[in-house]
Amino acid sequence: MRKIQLTLIQIDNYGPWTVTPRPRREADLQVLQAELYAALEREFGALGGLVFCTRFDNVIAVTNGIGVEDHGRILREINSGFPVTVSMGIGSAETAYGAQVEATLALQRAGGSRSEARRGVLVGSPVAAPDEDWVQIAHIDVNHSTLITDSEPIYDTHLLLQRTYMALASSLYRKKSLVFYTGGDNFMALSNGVDLRGIEETFAEVKRQVGFGLKAGVGAARTAEAAARLASEGLHEIRGGLANGQLVFKSEGQH
Ligand SMILES: Nc1nc2c(ncn2[C@@H]2O[C@H](COP(=O)(O)OP(=O)(O)OP(=O)(O)O)[C@@H](O)[C@H]2O)c(=O)[nH]1
Ligand SMILES: [Mg+2]
């Protein structure tokens with residue numbers, strides 16, 4: 001069975017820490033969160049993974065091909081370099097939704113987000129034979145967003161993009177895919193098990209709800225890095241007028 005592997009990285013007992021001994025300066029918390037995300041992206045990215053900032057105190061990484069040992073090394077490095085510690089839960093399943101359920105359950109069983117006893121644990125299990133690593137990523141982009149960016153107030157544009165994000169995420173949630181906002185007018189969907197028809201359906205729904213047309217390159221490969229690269233290449237082909245329509249699918253080993 002082909003499975004996507006996700007790792008939930010959660011700051012240990014963060015709520016209490018943010019107010020001990022008194023509420024910390026928001027600017028300092030923002031720097032901490034941004035630096036933690038950057039460090040995780042650097043470490044997992046170096047091994048072919050891809051990390052989404054999610055909600056900053058809980059971060060989701062696609063980690064196919066990255067085993068328990070490498071997770072442990074990254075965990076130790078992060079936890080010795082930051083004023084907070086993180087714990088990690090690894091999960092895998094045929095869909096991204098299923099994988100994050102497994103990752104979350106593994107971590108919740110090891111203690112809640114406000115547990116004083118849970119510190120720097122690594123739980124759950126990566127993809128193991130006979131199952132195989134497989135990641136499908138759709139790199140989704142809004143058509144002609146620059147027209148709005150250059151004519152509307154920036155907050156109005158931002159809100160419209162966030163509405164687009166929610167419409168996209170709600171529709172793909174029903175197909176057990178997870179969507180993350182990656183900045184600008186870009187989104188990445190972890191879409192294992194969803195075919196191009198399914199993505200087209202979602203795009204039509206989003207268009208009806210928020211008015212934006214979307215396009216996407218969809219990549220499938222054994223690691224997040226390879227899948228994302230194929231997806232971005234597909235998107236580039238659509239933009240360059242090399243592809244007909246709004247979707248291009250590229251799979252590893254297929255030219
Ligand atoms: N994270 C990320 N952001 C990007 C990427 N490409 C573009 N952006 C951001 O998205 C903004 C919009 O870029 P485009 O999508 O090329 O502009 P557009 O007007 O929507 O044009 P079309 O999508 O070609 O219709 C840019 O200003 C960047 O901030 C990408 O590959 N990744
Ligand atoms: Mg665009």
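**Exercise 1. Determine which residue of strand S6 is the bridge partner of Lys3, and describe how strand S1 pairs with other strands.**

Step 1. In S6, Lys3 has Asp133 as its bridge partner. The model is predicted, so local features require pLDDT of at least 70 and side-chain atom pairs count only at pLDDT 80 or more, while totals for chains, interfaces and linings use all residues. Residues are numbered from 1 along each chain as its sequence is written, chains are lettered from A and ligands numbered from 1 in the order in which they are written, and side-chain values use heavy atoms, without hydrogens and water.

Step 2. Recall the terms. Strands (E, at least two residues) and helices (H or I, at least four) are DSSP runs numbered from the N terminus. Two strands pair if DSSP finds at least two bridges between them.

Step 3. Take the partners in turn. Strand S1 (residues 2-11) pairs with strand S6 (residues 132-133) in the parallel sense over 2 bridges. With strand S4 (residues 86-93), S1 pairs in the antiparallel sense over 8 bridges; there, Gly89 is the partner of Leu8. With strand S3 (residues 58-62), the sense is again antiparallel, over 5 bridges, and Asn58 is the partner of Gln10.

Step 4. Consider the cover of S1. Of its 10 residues, 9 are buried, where buried means under 20% relative accessible area, exposed over 50%, and partly exposed in between (1.4 Å probe, protein chains only).

**Exercise 2. State which protein donors surround the magnesium ion (ligand 2), and explain why the arrangement is octahedral.**

Step 1. Donors are N, O and S atoms within 2.8 Å of the metal (3.2 Å for Na, K and Ca); water is not among the atoms, so sites may look incomplete.

Step 2. The protein donors are Asp141 (OD), Val142 (O) and Asp185 (OD), at 2.0 to 2.2 Å from the ion. Along the chain, the donors follow the spacing D-V-x42-D. Val142, in strand S7 (residues 135-142), and Asp185, in the loop between strand S8 (178-183) and strand S9 (186-190), link distant parts of the chain, 43 residues apart. Both of these residues, Val142 and Asp185, are buried.

Step 3. Six donors count as octahedral if opposite donors are over 155 degrees apart and all others between 65 and 115. The 6 donor atoms around the magnesium ion subtend angles of 79 to 177°, and therefore the arrangement is octahedral.

**Exercise 3. Locate the cis peptide bonds before Pro21 and Pro130, and the positive phi values of Thr54 and Lys176.**

Step 1. The bond from Thr20 to Pro21 is cis, with omega near 0°. Pro21 lies in the loop between helix H1 (14-18) and helix H2 (26-45).

Step 2. Ala129 and Pro130 are also joined by a cis peptide bond, with omega about 10°. The loop between strand S5 (122-124) and S6 contains Pro130.

Step 3. Thr54, a residue other than glycine, has a positive phi near 50°. Thr54 is placed in the loop between strand S2 (50-52) and S3, and counts as partly exposed because its relative accessibility is 36%.

Step 4. For Lys176, phi is near 65°, likewise positive in a residue other than glycine. Lys176 belongs to the loop between H6 and S8; its relative accessible area is 42%, so Lys176 is partly exposed.

How values were computed. Four donors count as tetrahedral if all angles lie between 85 and 135 degrees; four count as square planar and six as octahedral if opposite donors are over 155 degrees apart and all others between 65 and 115; anything else is irregular.
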